[in-house]
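Me: Please give me a close look at one part of this structure, and then work outwards from there. I am in my first year, so plain words would help.

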Amino acid sequence: MKKIFIAILPLILLASSKVCTKCNLNRAEMQCNYYVAKKGDTSKKGHCKDYADYLNDTKVYGKAAWYYLLSLEPQKSLEAAKKAVKMKENYAYEYIADVYLIKGDKQKAKEYYKKFKKSVKNVDFFIDRNFKVLDKIYKEFNEKEAKRILKD
């Protein structure tokens with residue numbers, strides 16, 4: 001009986017580590033959403049990056065773009081968002097525009113906000129929360145300015 005247990009133990013540990021990985025990803029997502037998105041605590045941005053990396057690796061580019069924004073990595077967000085748009089995840093045009101606004105390129109931001117408005121039906125659904133969060137965590141992002149550019 002002892003030999004069987006010793007033979008099975010590595011299999012049990014291997015299986016539990018896969019479950020634990022998913023638990024860690026869920027935990028990272030929740031911590032990112034709570035600390036960074038809700039509270040504006042950018043010291044916890046590592047949770048967002050871990051989750052964004054996972055999403056990016058699994059080709060969930062649109063969602064990865066958002067979590068890269070939350071992890072204060074706008075360049076990675078831009079790369080993921082461009083891949084998302086190629087896969088017809090048109091809501092990612094907003095993230096591209098957000099990155100350009102963060103970088104100070106208002107003209108590019110306006111160009112991509114226009115594409116976003118043309119390709120997404122319920123614009124307010126996306127921007128209401130997103131703009132508030134970005135305004136909280138990026139000193140370069142201004143919610144009122146972003147809404148003004150989007151409406152032009």
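Reply: Asp98 lies in helix H5, which covers residues 92-102. The model is a predicted one. Asp98 is buried, yet has no salt bridge. Which side chain of opposite charge is nearest to Asp98? That side chain is Arg129, and it is 10 Å away. A salt bridge needs a side-chain nitrogen of Lys or Arg within 4 Å of a carboxyl oxygen of Asp or Glu, so a distance of 10 Å leaves Asp98 without a partner.

What does Asp98 touch instead, leaving aside its neighbours within four places in sequence? The contacts are Leu69, Tyr113, Phe131, Leu134 and Phe141. Two of these residues can be placed in helices by their numbers: Tyr113 falls within helix H6, residues 106-119, and Phe131 falls within helix H7, residues 123-137.

Another of the contacts, Leu69, leads to helix H3. Helix H3 spans residues 61-70 and is mostly covered, with 9 of its 10 residues buried. Leu69 is one of those buried residues, and others include Tyr61, Trp66, Tyr67 and Tyr68. After H3 comes Leu72, whose phi is positive, near 65°. Leu72 can also be compared with a residue earlier in the chain, Gly46. The two are 26 residues apart in sequence, but their C-alpha atoms are 9.4 Å apart in space. Gly46 belongs to helix H2, residues 45-57. Its relative accessible area is 37%, which means that Gly46 counts as partly exposed.

Asp98 has no salt bridge, but a search of the whole structure finds 8 of them. One joins the side chains of Lys106 and Glu145, at 2.6 Å from N to O. Lys106 is in helix H6 and Glu145 is in helix H8 (residues 143-151), so this pair ties together parts of the chain that are 39 residues apart in sequence. How covered are the two partners? Lys106 is partly exposed at 44% relative accessibility, whereas Glu145 counts as buried at 17%. The cut-off for buried is under 20%, so 17% puts Glu145 on the buried side. Not counting residues up to four places away in sequence, Glu145 touches Leu101 and Lys106. By its number, Leu101 belongs to helix H5, the helix that also holds Asp98.

Helix H8 takes part in a further salt bridge. Glu143 pairs with Lys132, the closest N and O atoms being 3.3 Å apart. This pair links distant parts of the chain, with Glu143 in helix H8 and Lys132 in helix H7, 11 residues apart. Glu143 is buried, with a relative accessible area of 17%, while Lys132 is partly exposed at 47%. The pair does not stand alone: Lys132, Glu143 and Lys147 are linked in a network of salt bridges.

Glu73 and Lys76 form one more salt bridge, with 3.9 Å between N and O. Both partners are partly exposed, Glu73 at 22% and Lys76 at 32%.

Other charges sit on the surface in a group. Lys59, Lys82, Lys83, Lys86, Lys103 and Lys108 gather there in a patch of positive charge. Which helix gives the largest share of the positive patch? Helix H4, residues 74-86, supplies 3 residues. Lys82 is in helix H4. Members of a patch must have over 30% relative accessible area, and Lys82, which is partly exposed at 37%, therefore meets that condition.

Last, the whole chain as a setting for Asp98. The protein chain has 8 helices and 0 strands. Of its 152 residues, 39% are buried, and Asp98 is among the buried ones. Contacts across the sequence can be put in numbers too: of the contacts with a separation of 6 or more, 52% are between residues 24 or more positions apart. On the outside, the chain exposes about 9200 Å², and carbon and sulfur atoms supply 57% of that area.

Technical notes. Residues are numbered from 1 along each chain as its sequence is written. This is a predicted model: local features need pLDDT of at least 70, side-chain atom pairs count only at pLDDT 80 or more; totals for chains, interfaces and linings use all residues. Side-chain values use heavy atoms; hydrogens and water are left out. Buried means under 20% relative accessible area, exposed over 50%, partly exposed in between (1.4 Å probe, protein chains only). Helices (H or I, at least four residues) and strands (E, at least two) are DSSP runs, numbered from the N terminus. Patches are made of residues with over 30% relative accessible area and no salt bridge: like charges are joined within 9 Å, nonpolar side chains (Val, Leu, Ile, Met, Phe, Trp, Tyr) within 5 Å. Accessible areas come from the Shrake-Rupley method with a 1.4 Å probe; for residues, only the protein chains shown count as cover. Lys and Arg count as positive and Asp and Glu as negative; His and the chain ends are not counted. The place of a charge is taken as NZ of Lys, CZ of Arg, CG of Asp or CD of Glu. Contact means heavy atoms within 4.5 Å.
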